Amino acid sequence: MDLNPSIKCKIVVVGDSECGKTALLNVFAKDSFPEGYIPTVFENYTASFEIDTQRVELRLWDTSGSAYYDNVRPLSYPDADAVLICFDISRPDTLDSVLKKWKGEIQEFCPNTKMLLVGCKSDLRTDLFTKSNSGHTPVSYDQGSNMAKQISAPYIECSSLQSENSVRDIFHVATLACVNKSNKNVKCNKPSRSTKRISHSRPDLPTVVSDFQKTKAKTCAVM
Ligand SMILES: Nc1nc2c(ncn2[C@@H]2O[C@H](COP(=O)(O)OP(=O)(O)OP(=O)(O)O)[C@@H](O)[C@H]2O)c(=O)[nH]1
């Protein structure tokens with residue numbers, strides 16, 4: 001008999017088109033940053049995460065950011081334990097969509113599900129080409145953080161391109177949301193592999209975890 005059964009959690013990833021959802025999931029679940037851009041309709045991934053000694057099986061749902069799929073995306077929300085709302089740090093309009101679109105959609109289809117706001121492509125914040133050619137200033141850490149406060153979600157940033165560790169941190173926090181562990185019982189393990197680590201987010205992971213646990217997360221079913 002398995003004395004330490006794994007927990008199963010479903011995490012749905014939403015956000016505007018091309019904001020970096022698929023890259024985030026590929027880096028986490030498949031260890032590879034995808035070449036080129038292929039729009040997603042629906043895609044599922046599985047991965048596992050160990051928190052303390054508890055093994056957590058994650059079912060990860062990638063969705064389309066396109067308005068064209070607004071009627072079918074809601075099919076992914078039932079039974080979600082957490083929703084990651086992603087935006088692109090180099091495109092402020094994708095942060096605006098958090099209030100204009102994503103918060104309302106989640107409240108309509110899975111109102112009790114824990115949300116996490118994810119700033120993707122943090123490498124582009126300091127990228128000189130982006131700054132000089134996009135015609136707009138990238139989203140600052142404080143702007144992302146303020147938006148997160150407005151939707152009562154924790155905020156964390158990542159670069160799927162440059163920092164695998166930052167991606168793992170996202171799923172560490174998301175997994176904690178699912179299992180609803182207390183801060184005392186959870187070790188914030190350092191990710192095992194280090195790649196081109198960049199300074200991607202201001203607070204460290206324990207701080208985000210601690211903030212997260214101030215609000216009660218939905219508990220997953222133990223399978
Ligand atoms: N510089 C940089 N580019 C990224 C990063 N993540 C994704 N991209 C690029 O952004 C583009 C869109 O990425 P996707 O992950 O496909 O975006 P998506 O949100 O899944 O898009 P949809 O399927 O349309 O909803 C691709 O060209 C990626 O290579 C990142 O961390 N840094």
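The following exercises, each with a worked solution, concern a predicted model of a protein chain with a bound ligand.

**Exercise 1. The fold in outline**

Task: State how many helices and strands the chain has, give their order, and report what share of the residues is buried.

Solution:
- Step 1. The secondary structure of the chain comprises six helices and six strands.
- Step 2. Read from the N terminus, the elements follow the order β-α-β-β-β-α-β-α-α-β-α-α.
- Step 3. The chain has 223 residues, and 48% of them are buried.

**Exercise 2. The surroundings of the ligand**

Task: Determine where the ligand sits and describe the shell of residues around the ligand by number, class and element.

Solution:
- Step 1. The site to inspect is the largest pocket, in which the ligand sits.
- Step 2. The shell around the ligand consists of 21 residues, and the closest are K21, T22, A23, Y37 and D123.
- Step 3. Sorted by class, this shell contains nine polar, seven nonpolar and five charged residues.
- Step 4. Sorted by element, the greatest contribution to the shell is that of helix 1 (residues 21-30), which supplies three residues.

**Exercise 3. Polar contacts and burial of the ligand**

Task: List the polar atoms of G20, K21 and T40 that approach oxygen atoms of the ligand, and state how much of the ligand surface the protein buries.

Solution:
- Step 1. Begin with the side chain: a polar side-chain atom of K21 is 2.7 Å from a ligand oxygen atom.
- Step 2. Turn to the backbone: a polar backbone atom of G20 lies 3.0 Å from an oxygen atom of the ligand.
- Step 3. For T40, too, the polar atom belongs to the backbone, and its distance from an oxygen atom of the ligand is 2.8 Å.
- Step 4. The ligand on its own exposes 660 Å², of which the protein buries 89%.

**Exercise 4. Assigning burial from relative accessibility**

Task: Classify W102, T175, N26 and K114 as buried or exposed, and locate each residue in the secondary structure.

Solution:
- Step 1. The cut-off for a buried residue is a relative accessible area under 20%.
- Step 2. W102 belongs to helix 2 (residues 92-109). Its relative accessible area is 0%, so W102 is buried.
- Step 3. T175 is part of helix 5 (residues 164-179). With a value of 0%, T175 is therefore buried as well.
- Step 4. N26 is a residue of helix 1. Because its relative accessibility is 9%, N26 counts as buried.
- Step 5. K114 is located in strand 5 (residues 114-120). K114 has a relative accessible area of 9%, so this lysine is buried.

**Exercise 5. Separation in sequence and in space**

Task: For the pairs W102 and G15, T175 and L58, N26 and S160, and K114 and R91, set the separation along the chain beside the C-alpha distance.

Solution:
- Step 1. W102 and G15 stand 87 residues apart in sequence, with 7.0 Å between their C-alpha atoms.
- Step 2. For T175 and L58 the sequence separation is 117 residues and the C-alpha distance is 7.9 Å.
- Step 3. N26 and S160 are 134 residues apart along the chain, and their C-alpha atoms are 8.7 Å apart.
- Step 4. K114 and R91 are separated by 23 residues along the chain, while their C-alpha atoms are 25 Å apart.

**Exercise 6. A buried arginine**

Task: Locate R73, classify its accessibility, and identify the side chain with which R73 makes a polar contact.

Solution:
- Step 1. R73 is in the loop that joins strand 3 (54-63) to strand 4 (82-88).
- Step 2. Its relative accessibility is 1%, so R73 counts as buried.
- Step 3. The side chains of R73 and D70 form a polar contact at 2.7 Å.

**Exercise 7. Positive phi angles**

Task: Describe the phi angle, the location and the accessibility of E18 and of S152.

Solution:
- Step 1. E18, a residue other than glycine, has a positive phi near 60°.
- Step 2. E18 is situated in the loop between strand 1 (7-15) and helix 1. Its relative accessibility is 44%, so E18 counts as partly exposed.
- Step 3. S152, also not a glycine, has a positive phi near 55°.
- Step 4. The loop between helix 4 (141-150) and strand 6 (155-157) holds S152. Because its relative accessibility is 58%, S152 counts as exposed.

Terms used: Residues are numbered from 1 along each chain as its sequence is written. This is a predicted model: local features need pLDDT of at least 70, side-chain atom pairs count only at pLDDT 80 or more; totals for chains, interfaces and linings use all residues. Side-chain values use heavy atoms; hydrogens and water are left out. A residue is near a molecule or strand if one of its heavy atoms lies within 4 Å of it. A polar contact is a pair of N or O atoms within 3.5 Å; within protein, one must be able to donate a hydrogen and the other to accept it, and residues adjacent in sequence count only if both atoms are side-chain atoms. Accessible areas come from the Shrake-Rupley method with a 1.4 Å probe; for residues, only the protein chains shown count as cover. On a 1 Å grid over the protein atoms alone, a cavity is a set of points where a 1.4 Å probe fits but cannot get out, and a pocket is an open set with protein on both sides within 12 Å along at least five of seven lines; lining residues have an atom within 4 Å of a point. A molecule sits in a cavity or pocket if more than half of its atoms lie within 2 Å of its grid points. Helices (H or I, at least four residues) and strands (E, at least two) are DSSP runs, numbered from the N terminus. Ala, Val, Leu, Ile, Met, Phe, Trp, Tyr, Cys and Pro count as nonpolar, Asp, Glu, Lys and Arg as charged, and the others, Gly among them, as polar. Buried means under 20% relative accessible area, exposed over 50%, partly exposed in between (1.4 Å probe, protein chains only).
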